[in-house]
Each structure stands twice: as C-alpha cells, then as structure tokens.
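Me: Hi! I have a structure here that is new to me. Could you walk me through it?

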Amino acid sequence: MNSRGIRSQMKDSVPVVGLGAQGDYGVHDTLRSGFSSVKNDIVLAHPLELAEKNFELNQDKMNFSSLRNIQGLHAPLKLQMEYRAARQIQRLPFLQSSNLALDTLRGTDENIGFEDILNDPTQSETMGEPHMMVEFKLGFL
C-alpha cells in the first residue's frame with residue numbers, strides 16, 4: 001500500500017482524546033495522575049462552572065489592568081514577578097504546601113473561605129510513595 005492510501009485513511013479516522021500513550025506502556029498512569037473521567041473532559045456541569053473556574057484569573061486580570069491605568073506598566077509587572085516567585089516556594093512534593101506567601105500577596109490570608117474548611121490536607125486521599133514523588137519531580141523517573 002502506498003503512503004497516499006494511508007494518509008487518506010488517517011484523514012477519515014476520528015481521533016480519540018485521552019487514550020494516548022501517557023505511561024511507559026501506553027496506558028493511563030493512574031498512580032501519578034489519578035482516575036480519568038471522560039465526562040468531565042467533554043461537558044461542563046453548569047454554565048457558571050467555567051466562570052467559577054476562572055474567577056481568580058479574571059479577578060487578577062481586572063486588578064492588573066486597573067493597576068496599570070493608575071500606576072503605570074511597572075506595577076503589574078512587579079506584582080506578577082512576586083506572584084511567580086511566591087508560587088515557586090513549595091514543600092516536598094508529598095507534603096501539602098499552605099502557600100502563605102502567595103495568600104499574603106493576594107490579600108486572601110485573612111479571609112476564611114470554603115476551601116479553608118473543606119480542604120484539610122490531613123483528610124486528603126492522595127498519598128503516595130515519598131521517594132517516588134520526589135524522583136518524579138526531579139525527572140529521574
């Protein structure tokens with residue numbers, strides 16, 4: 001069969017999302033990335049779900065644009081650099097990080113929200129082998 005015939009067959013085929021080679025043997029790596037759900041990738045549960053997912057990003061964009069209009073270009077750039085530096089401060093991969101520096105920069109350190117009460121790290125179901133998690137983060141696996 002020539003290459004033209006293969007290309008025409010591939011053009012007519014429908015790609016399947018989420019079934020690509022993700023692990024060493026072409027199987028979804030459940031240990032590292034958790035269970036996969038096709039429904040969550042396809043359909044949103046509610047029209048406001050997308051707005052809620054991007055609320056913090058949209059709020060930051062609005063704050064940066066108003067800060068740029070008031071103080072100039074340097075202020076949002078400096079604040080974004082500080083956010084990026086605060087996001088890089090983390091504990092070991094198998095320990096939960098409180099991100100206190102980032103919360104202080106955002107001004108959310110004094111607010112008690114839904115995630116503060118129901119996002120207790122001691123009740124987390126994601127526990128893995130500490131040595132494997134550190135090696136994976138460093139790129140040894």
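**A chat about the fold**

Reply: Happy to! Let's start with two rings: phenylalanine 64 and tyrosine 83 are both buried, where buried means under 20% relative accessible area, exposed over 50% and partly exposed in between (1.4 Å probe, protein chains only). This is a predicted model, in which local features need pLDDT of at least 70, side-chain atom pairs count only at pLDDT 80 or more, and totals for chains, interfaces and linings use all residues. Residues are numbered from 1 along each chain as its sequence is written, and side-chain values use heavy atoms, with hydrogens and water left out.

Me: Thanks! How many helices and strands are there in the protein?

Reply: The protein has nine helices and zero strands. Helices (H or I, at least four residues) and strands (E, at least two) are DSSP runs, numbered from the N terminus. Along the sequence the pattern reads α-α-α-α-α-α-α-α-α.

Me: And what share of the residues counts as buried?

Reply: Of the 141 residues of the protein, 6% count as buried. As for contacts (heavy atoms within 4.5 Å), 27% of those with a separation of 6 or more are between residues 24 or more positions apart.

Me: Back to those two rings. How are phenylalanine 64 and tyrosine 83 arranged?

Reply: By the ring rule there is one aromatic pair. The rule says that rings of Phe, Tyr and Trp (its six-membered ring) pair if their centres lie within 6.5 Å; planes under 30 degrees apart count as stacked, over 60 as edge-to-face and the rest as tilted. Phenylalanine 64 and tyrosine 83 form a tilted pair, 6.0 Å centre to centre with 45° between the planes. The pair links distant parts of the chain, with phenylalanine 64 in helix H5 and tyrosine 83 in helix H6, 19 residues apart.

Me: Does anything else sit by that tyrosine, and what is over the ring of tyrosine 83?

Reply: The charged end of arginine 106 sits over the ring of tyrosine 83, 4.7 Å from its centre. To count, NZ of Lys or CZ of Arg must be within 6 Å of the ring centre and within 35 degrees of the ring normal.

Me: Which residues share a network of salt bridges with Arg106?

Reply: Glu56 and Asp60 are linked with Arg106 in that network. A salt bridge is a side-chain nitrogen of Lys or Arg within 4 Å of a carboxyl oxygen of Asp or Glu. Arginine 106 meets glutamate 56 at 3.7 Å, N to O. That pair joins distant parts of the chain, arginine 106 in helix H7 and glutamate 56 in helix H5, 50 residues apart. Arginine 106 also forms a salt bridge with aspartate 60, with the closest N and O atoms 2.6 Å apart. Here too the pair links distant parts of the chain, aspartate 60 in helix H5 and arginine 106 in helix H7, 46 residues apart.

Me: Is aspartate 60 buried or exposed?

Reply: Aspartate 60 counts as buried at 14% relative accessibility, whereas glutamate 56 is partly exposed at 48%. Leaving aside neighbours within four places in sequence, aspartate 60 is in contact with Tyr83 and Arg106.

Me: How many salt bridges are there in total?

Reply: The count comes to three. One of them joins the side chains of lysine 53 and glutamate 49 (4.0 Å, N to O). These two are four residues apart in helix H4 (residues 49–53), which means they are separated by about one helical turn. Lysine 53 is exposed, at 56% relative accessible area, and glutamate 49 is partly exposed, at 27%.

Me: New topic! Which residues of H6 are buried?

Reply: Ala75, Pro76, Tyr83 and Ala86 are buried in H6. Seen down the helix axis, they fall within an arc of 90°, so they line one face of H6; the arc is that of the directions from the helix axis to the C-beta atoms. Their cover includes helix H5 (55–71) and helix H7 (100–106). The face turned away from the buried side carries the exposed residues His74, Lys78, Met81, Arg84 and Gln88.

Me: Last one: what is special about the phi of asparagine 99?

Reply: Asparagine 99 has a positive phi of about 55° although it is not a glycine. Asparagine 99 lies in the loop between H6 and H7 and counts as partly exposed, at 27% relative accessibility.
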